[in-house]
Amino acid sequence: MSTAISVGDAFASRRPPSMASNTLCIARRELRDALKSRWFVLYTLAFVVLGLAVSFVSAAGTGGTGFSGFGRTTAGLVNLILLVVPLMALTAGAATIASDRERGMLAYLLSQPVSPVEVLLGKYIGLGASLLAAISLGLGACAVILSWRGGVSSPQAILWLAGLSFVLALGMLSVGIMISSLTRRASAAVSVAIFVWLTLVFVSDLALMAGAVALHLRIDELFALSLLNPLQVFKMWSLHAIDANLDVLGPAGLYAVEEYGRSLHAIFAVWLSAWIVLPLVVASVVLARKSPL
Amino acid sequence: MITITNLVKTFGRTPAVDDVSLSLDQGDAVALWGSNGAGKTTLIRCVLGLLRYRGAIRVGGIDVRRNGKAARMLIGYVPQELGFYDELRVDSAICYFARLKGIPSASPAASLQGVGLEGNGGKRVRELSGGMKQRLALAIALLGDPPILVLDEVTASLDALGRHEFVGLLRQLTGSGRTLLFASHRLEEVRSLARRVARLERGRLLRIDDCACFAPDAQHAAVLHLHLSADERMPAIRALAAGGFSPTLNGTGILVPVASEHKAAPFRILADAQIAVDNFEVDAVEHSSATPEPGGGRRKSSTPPDSEVTQ
C-alpha cells in the first residue's frame with residue numbers, strides 16, 4: 001500500500017475546486033437552462049402581458065393621476081404577483097432536483113468532485129437569478145407604461161414592489177426545492193408544488209375567514225395566523241411599504257399598524273426570511289442524507 | 001489506491017453489500033463479477049460516496065466519508081447509462097465538467113480526440129448514439145487524467161459492435177498505471193480488462209481470483225439479453241418468473257440466465273404471453289470444464305429476425 005499512498009499524496013496536491021467555484025458553475029448552467037425553458041418563457045410572457053394590462057386599466061381608470069392612482073395599480077399588481085410569482089418559483093424549484101434525480105443526472109453530478117450543498121446552492125442561485133430576470137422584465141415593463149401614462153410618481157414604489165416580489169420568489173423557490181429534494185419523480189414534485197400554490201393562494205384565505213367566523217378569533221390571533229402564509233406576508237408588506245397603511249386589509253391591518261407601527265417591516269422581513277432559509281436547510285439535510293438515485 | 005474495509009450497505013433490512021473488504025494497488029484492474037443484485041453497483045456507489053455506508057473506504061489515502069469531494073478528484077467514473085443535459089453541446093458538456101473538476105483550461109477537442117469523438121464537439125448530446133454518449137462519459141471521466149477509473153456496466157446498453165469498440169478503447173487506457181475498478185456481466189470484458197476478479201453474491205465477497213484462473217462456476221450456460229419496450233418489461237419478467245426463470249431488469253431490457261439446452265424456452269414463454277422481443281443477444285458464460293455444445297451459447301437464434309450475437 002505504500003505505492004498507493006504516495007500516488008494519493010501526489011494527487012492530493014491538486015485541490016478540488018472551492019465551494020464558491022462549483023456553486024457558481026452550477027448556477028450559471030441552471031440560469032442558462034431556465035432562460036431557455038419554454039415554461040419559464042411562458043410564465044414570464046404571461047406576467048408581462050397581465051402586468052401591462054393591469055397597468056393600462058388602472059392608469060386609464062384614474063386618468064393617470066399621481067400616487068393615489070398608483071395605489072390602485074399597486075393593488076392590481078400585488079394580486080397579479082401573488083398569483084404568478086409563487087407559481088413560477090414553486091414549479092421551477094420543484095422540477096429541478098427531482099428531474100435531475102429521475103434521469104440519473106444528480107447521481108452523475110455528485111460522482112464528480114461536487115458536494116450536495118454546492119448542487120443545492122448552485123441550483124438555488126441560478127433559478128433565483130432567472131426569477132429576478134422575469135420579475136424585472138415584468139415589473140420593468142409595467143413601470144415604463146405607468147411612467148408614460150403618468151400613473152406613477154414614485155419610482156420607490158415600483159422598486160419596493162420588485163424587491164418584495166423577488167423576496168417572495170426566493171421563499172417560494174426554497175419551498176419548491178425542498179419539495180423536489182423529498183420527491184423521486186419530477187411530475188410528482190410539480191404536482192405537490194401546484195397543490196401548495198393552490199393552498200397558499202386560495203385555501204388558506206378561505207380557511208382564515210372560516211376560522212375567524214367559526215372560532216371567533218381575536219384580531220391579534222387573526223393577524224398572527226395570517227403571518228403563517230408567506231403570500232399574506234408579502235401582501236401586507238408591499239401595501240405597508242407603498243401606502244404606509246393597511247386600511248385595505250380591514251381590522252387586522254389597522255391592528256397591525258397600530259400595534260407594531262414601524263417595526264412591521266422587521267416582522268415581515270423575519271417571516272419571509274424564515275420562508276427562504278428553513279426550507280433550504282431542510283432540502284440540504286435531505287440531499288446530504290438521501291441517496292441521489 | 002482503493003482500500004475497502006468491512007463495507008456494509010443495507011437498504012431497509014436487506015443487505016446489498018455485506019462485510020466486503022477489498023484492496024486495489026496502483027495499476028490494479030479488478031472486475032466485480034456477479035449476477036444482478038450481487039452488490040456490484042452498490043459497492044461502486046459507496047466508493048463514489050453516493051451512498052451512506054458502514055465500514056471504511058479510502059481512495060488514495062483519503063477517507064471517502066469524511067472528504068468525498070477530494071476522494072472523487074482521484075476518480076473518473078463512467079455510469080451504465082449517461083443521464084445528461086440533452087440540449088447541451090458536447091464541447092460545453094466537457095467544459096462544464098472540466099470546471100467542476102477544477103481544470104477550466106481543459107481542451108474539449110483534445111478530450112474528444114482521445115476517445116475517438118473528434119469532430120463531434122458541436123453536436124448536441126441528444127444527437128449522439130448510445131456508444132458515443134458512453135465515449136463522451138469516458139472523455140469526461142478522463143479529464144485531469146485521474147489515477148483511478150471506475151466503470152459500472154458501461155457496455156450494458158450498447159450493441160455488440162459498440163461494445164467491442166468501447167472495450168478496445170478501455171484496453172488502451174489500462175496498463176498505464178491507472179487503477180481500474182469495474183462491474184461487468186460480460187466475460188469477454190472481464191477477460192480483456194481485469195487482472196483480478198472479485199466474485200460477489202448477495203452482497204458478499206466470495207473470493208478474488210487472478211483473471212488467468214477465473215472461470216465462472218455458472219449453473220447457467222448463457223445469459224439472454226432481451227431488448228423489450230419499456231411497458232413490456234415488467235409483464236415479461238412476471239411471465240418468465242412464472243415459467244421458472246430468474247429474469248432481472250438491466251439497461252434497455254432484461255437479463256435471463258438460461259441453461260444451454262433451454263435457450264429458446266424464454267422466447268416460447270414470451271410468445272405465449274404475446275410479448276414482442278425487439279432484439280436479443282446471447283452472452284455465453286463459459287465453464288472451465290465445459291465442452292462446446294453444438295452451436296454453442298453464441299449461436300444466433302432463429303426466433304426474432306433482428307437479433308445479434310455476442311462474441
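## A helix to start with: α10 of chain A

Let's begin with helix α10 of chain A, which covers residues 230-243. At 1.5 Å a residue, its 14 residues should span 20 Å, and the end C-alpha atoms are indeed 20 Å apart, so the expected and computed values agree. Keep in mind that this is a predicted model.

How many of the 14 residues of α10(A) are buried? The count is 12, so α10(A) is largely enclosed by the rest of the structure. Among the buried ones you'll find P230(A), F234(A), W237(A) and I242(A). Some charged and polar names turn up there too, including K235(A), Q232(A), S238(A) and H240(A).

## Chain A as a whole

Chain A is built with 12 helices and zero strands. If you walk along the sequence, you just read α again and again: α-α-α-α-α-α-α-α-α-α-α-α.

Chain A has 293 residues, and 47% of them count as buried. Now take the contacts in chain A between residues at least 6 apart in sequence: 81% of these join residues at least 24 apart.

## Two helix pairs in chain A

First up are helix α7 (residues 155-182) and helix α8 (residues 186-214) of chain A, whose axes are 9 Å apart and which pack at an angle of about 140°. Are they parallel or oblique? With that angle, α7(A) and α8(A) are therefore oblique to each other, and the crossing is right-handed. On the α7(A) side, the contact is made by V175(A), G176(A), I179(A) and S180(A); on the α8(A) side, A189(A), V192(A), A193(A) and V196(A) take part. Sorted by class, that contact has six nonpolar residues, two polar ones and no charged ones. Look at the numbering and a helix rule may come to mind: an α-helix has 3.6 residues a turn, so residues three or four places apart point the same way.

The other pair is helix α6 (residues 116-148) and helix α12 (residues 264-289) of chain A. Their axes come within 9 Å and cross at roughly 140°, so α6(A) and α12(A) are oblique to each other. Here, too, the crossing is right-handed. From α6(A), the residues P116(A), V117(A), L120(A) and Y124(A) meet L280(A), A283(A), S284(A), L287(A) and A288(A) of α12(A). This contact divides into eight nonpolar residues, one polar residue and no charged ones.

## Where chain B meets chain A

How many residues does each chain put into the contact? Chain B gives 27 and chain A gives 26. On the side of chain B that touches chain A, α2 (68-72) and α3 (90-100) of chain B each supply at least two residues. The largest share of that side, four residues, comes from α3(B).

What classes of residue make up the side of chain B that touches chain A? There are 16 nonpolar, five polar and six charged residues.

## Chain B and one of its buried residues

Chain B has nine helices and 14 strands. Buried residues make up 45% of its 311 residues. Among contacts in chain B with a separation of 6 or more, 69% are between residues 24 or more positions apart.

For a close look, try V20(B), which lies in strand β2 (residues 14-24) of chain B. Is V20(B) buried or exposed? V20(B) has 22 C-beta neighbours inside 10 Å, so V20(B) counts as buried. Leaving out residues up to four places away in sequence, V20(B) touches I4(B), L7(B), L43(B) and L205(B). As for N36(B), it is 16 residues from V20(B) in sequence and 17 Å away in space, C-alpha to C-alpha.

## Two loop residues with positive phi

Most residues other than glycine have a negative phi. Which way does D145(B) go, positive or negative? Its phi is positive, near 50°. D145(B) is found in the loop between α5 (130-141) and β7 (148-152) of chain B. With 10 C-beta neighbours inside 10 Å, D145(B) counts as exposed.

R202(B) also has a positive phi, near 50°. You'll find R202(B) in the loop between β9 (196-201) and β10 (204-210) of chain B. R202(B) has 15 other C-beta atoms within 10 Å, so R202(B) is partly exposed.

Note on methods
Residues numbered from 1 in each chain as written. Chains lettered and ligands numbered in written order. Predicted model: local features only at pLDDT ≥ 70, side-chain atom pairs only at ≥ 80, totals over all residues. Axes fitted to C-alpha atoms, helices over the stretch in contact; angles between N-to-C directions. Parallel < 35°, antiparallel > 145°, perpendicular 65-115°, else oblique. Left-handed = near helix turned anticlockwise from the far one by under 90°. Contact = placed C-beta atoms within 7 Å. Buried ≥ 20, exposed ≤ 12 C-beta atoms within 10 Å, placed from the backbone. Expected span 1.5 Å × (residues − 1).
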